[in-house]
Amino acid sequence: MKCFRDALKTTKCWIVGHKLRAAVLGAVLLVVAPWPAKAQFVDPCCAIMAAGLASISSALQNVIGGGLNQILGVDQSIQQFEQNTVWPQNLINQARALVGGLQGIFNQIQSLTQIRINSATLPNSQQFEANLLSRNANQIGQTSSSYTALYGQIPTTTDASQQVRDMVDMTDAAAQDAMKRAIEIDALSDLELQAASQINQSIQSAAPGSAPIIEAQADAWLVRANAYTQAATADLMRLRAIDLANSSADIKTGATNTTNLRQQLMNLLQHN
Amino acid sequence: MHYVTFVLFGLTFTWFMVTANSSRRVLAVTVAGILVSTMLVAPPLAEAQGGLVQAIQAVLNVINGMLKNALTAINTARAAMNALYQNFVWPLQLINQARAQVTQMINQYRALMASILNMNLSSATLPTPQSLETMMRDHRVNNFSSLSQSFGNTYGAIPTSVDASQADRDMSDMDDALTLDSLKTLKASDNATDLELQAANSIENSATQAAPGSAPFMTASAVASSIRSQALTQKMLAAELRQEAAHIAHQNGFRKRGATFTTQFRTLMMNLLQHN
């Protein structure tokens with residue numbers, strides 16, 4: 001304590017003795033001395049930042065949040081509409097169940113087409129009928145021989161004129177073509193029934209978005225089936241055309257024969 | 001850190017100031033102290049507050065400008081899409097109208113068409129043909145033997161080998177066989193037609209409750225049914241082809257045999273004339 005008092009006394013003496021130096025020393029230390037930091041809540045910088053952040057928060061809530069809420073509202077409306085009106089799960093399941101139910105009906109139809117209808121009783125006709133009803137395109141090769149066995153061969157050159165032989169051959173050809181086409185069409189229609197069942201089974205496990213693809217495939221099959229029907233119809237028309245041509249040929253041949261007979265009778269009368 | 005620097009500076013400066021023994025040294029120490037305090041001890045300059053305000057304003061501008069515009073545009077587009085779906089693509093009113101139309105057409109046509117299709121067309125008057133006609137049109141596939149029996153009763157049996165040549169018997173048997181084949185095919189087709197109509201009714205019934213999303217299932221199933229229908233039509237056409245082909249083959253057979261008979265007759269006549 002005494003030392004401290006002595007130090008103060010010495011300092012006081014020095015300050016009194018060196019007033020200028022003490023003033024300069026005090027002034028410099030006063031200027032250089034660090035001042036305590038200002039509190040943030042009264043700092044204008046922080047106040048500006050707080051106001052800015054509040055503005056940003058408000059803008060985020062109003063502009064961004066509000067905008068997103070509006071979009072969410074619209075999206076929820078779309079979702080609800082699509083789930084309840086456009087693609088309702090229960091109605092889609094009902095449609096799938098319907099397809100499953102129809103499959104049972106289609107199986108019955110398919111079994112109807114498999115019923116045997118053979119009716120011939122004699123060996124030649126039985127063999128030919130079996131070939132015609134075979135539904136097997138590989139058996140088309142045997143059709144002509146069975147046909148000839150039943151309906152006979154083309155007359156020889158001694159038995160008939162060339163014109164008659166041509167007509168007979170053409171008629172046989174048309175008849176055999178049609179019979180071969182019938183075997184083809186039977187085989188094709190079996191395959192179509194098989195494909196239709198496959199398509200129907202695919203529909204049962206389809207999604208609303210994939211069903212139109214299966215529908216497109218089914219449409220393509222329908223176009224193909226129409227083409228086969230047209231091919232069969234064409235052969236039927238050819239048969240009827242040949243039938244008509246034969247009727248016409250009969251008239252022509254009859255006219256020629258009548259003329260020839262008249263001529264020969266006249267020759268006979270002239271000789272007598 | 002700043003306080004430590006200040007203390008060191010203060011002690012050093014005070015020491016030099018106290019120990020300076022001339023006014024010239026006091027002046028030099030003062031100048032040096034001021035210089036050192038200015039360069040090293042003085043606090044760093046604060047940054048200007050204007051930069052912060054500008055940064056906040058820039059963020060606000062982005063939010064109120066670009067982001068707000070983008071959200072408004074998205075909202076407008078989504079709302080337009082919603083309106084398009086509900087008012088133009090799948091308007092509920094028209095969906096209900098379509099369902100109602102299906103129901104209305106079922107009521108208007110189904111019973112009427114069924115009654116037309118199921119009208120009795122039987123026309124035979126004598127017992128045997130009546131039996132055959134009934135058998136031909138009964139849509140049943142489990143009485144083919146009765147059909148053959150009835151057919152035989154109406155059209156007669158194949159001639160015996162004593163009554164006709166083998167060629168005639170074969171042709172007659174083939175004609176009868178293909179006729180019976182066609183009749184049996186038609187009985188099966190009639191039965192299948194009934195089933196097809198049943199399927200069509202089921203599909204149409206379901207359409208009364210269909211949604212746009214479930215309709216493709218029914219459409220696809222209906223198309224598959226159409227394929228089946230075509231296949232059945234083709235089977236009938238195949239039977240028709242066989243029948244028509246047999247018909248002209250039969251006529252052609254007569255033509256062939258006519259040629260053979262003519263040759264035989266000519267030969268016979270020539271032999272007769274030669275004998276005379």
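## Domains of chain B

Chain B of this predicted model is split by the domain assignment into three pieces: domain 1 (2-41), domain 2 (52-89) and domain 3 (101-275). Domain 1 of chain B and domain 3 of chain B sit well apart in sequence numbering, and what about space? Their C-alpha centres are 130 Å from each other.

## Where the two chains meet

How many residues does each chain put into the contact? Chain A brings 112 residues and chain B brings 101 residues. On the chain A side, a whole run of helices takes part, with α2 (19-32), α3 (44-86), α4 (89-113), α5 (123-132), α6 (143-151), α7 (162-204) and α8 (211-271) each supplying at least two residues. The top contributor there is α3(A), with 22 residues.

As for the chemistry, the side of chain A that touches chain B breaks down into 75 nonpolar, 23 polar and 14 charged residues.

## The nonpolar cores

The largest nonpolar core has 75 residues, and L241(B) and A245(B) are the ones that touch the most other members. Helix α8 (residues 215-275) of chain B is the biggest giver to this core, putting in 17 residues. Which residues does A245(B) contact, once its neighbours within four places in sequence are left aside? They are A175(A), A178(A), M179(A) and L239(A).

There's also a second, separate core of six residues, and its members include L25(A), V28(A), V32(A) and M17(B).

## Helix α2 of chain A

Three of those names turn up again here: the buried residues of α2(A) are L25(A), V28(A) and V32(A). They span an arc of only 70° around the axis, so they end up on the same side of α2(A). That fits the usual helix arithmetic: with 3.6 residues a turn, residues three or four places apart point the same way. Turned away from the buried side is a face with the exposed residues K19(A), L20(A), A23(A), G26(A) and L30(A).

The length of the helix checks out too. The 14 residues of α2(A), at 1.5 Å a residue, should span 20 Å, and the end C-alpha atoms are indeed 20 Å apart.

## An exposed phenylalanine on α8 of chain B

F254(B) belongs to helix α8 of chain B. Is its position buried or exposed? F254(B) counts as exposed because it has 12 C-beta neighbours inside 10 Å, and 12 or fewer is the cut-off for that label. Going 10 residues along the sequence links F254(B) with E244(B), and the C-alpha to C-alpha distance between them is 16 Å.

## Two residues with positive phi

Most residues other than glycine have a negative phi, and here are two that don't. R135(A), not a glycine, has a positive phi of about 60°. R135(A) is in the loop between α5 and α6 of chain A, and it counts as buried because it has 20 C-beta neighbours inside 10 Å.

Over in chain B, H139(B) has a positive phi near 65° and isn't a glycine either. H139(B) is in the loop between α5 (127-136) and α6 (144-155) of chain B. With 13 other C-beta atoms within 10 Å, H139(B) is partly exposed. Which residues does H139(B) contact beyond its neighbours within four places in sequence? K187(B), D190(B), N191(B) and D194(B). H139(B) and L186(B) are 47 residues apart along the chain, yet their C-alpha atoms are separated by 8.1 Å.

Note on methods:
Residues numbered from 1 in each chain as written. Chains lettered and ligands numbered in written order. Predicted model: local features only at pLDDT ≥ 70, side-chain atom pairs only at ≥ 80, totals over all residues. Core = buried A, V, L, I, M, F, W, Y, C linked by C-beta atoms within 7 Å. Helix = DSSP H or I, 4+ residues; strand = E, 2+ residues; numbered from the N terminus. Contact = placed C-beta atoms within 7 Å. Nonpolar A, V, L, I, M, F, W, Y, C, P; charged D, E, K, R; others polar. Domains from an automatic or database assignment. Expected span 1.5 Å × (residues − 1). Arc of directions from axis to C-beta.
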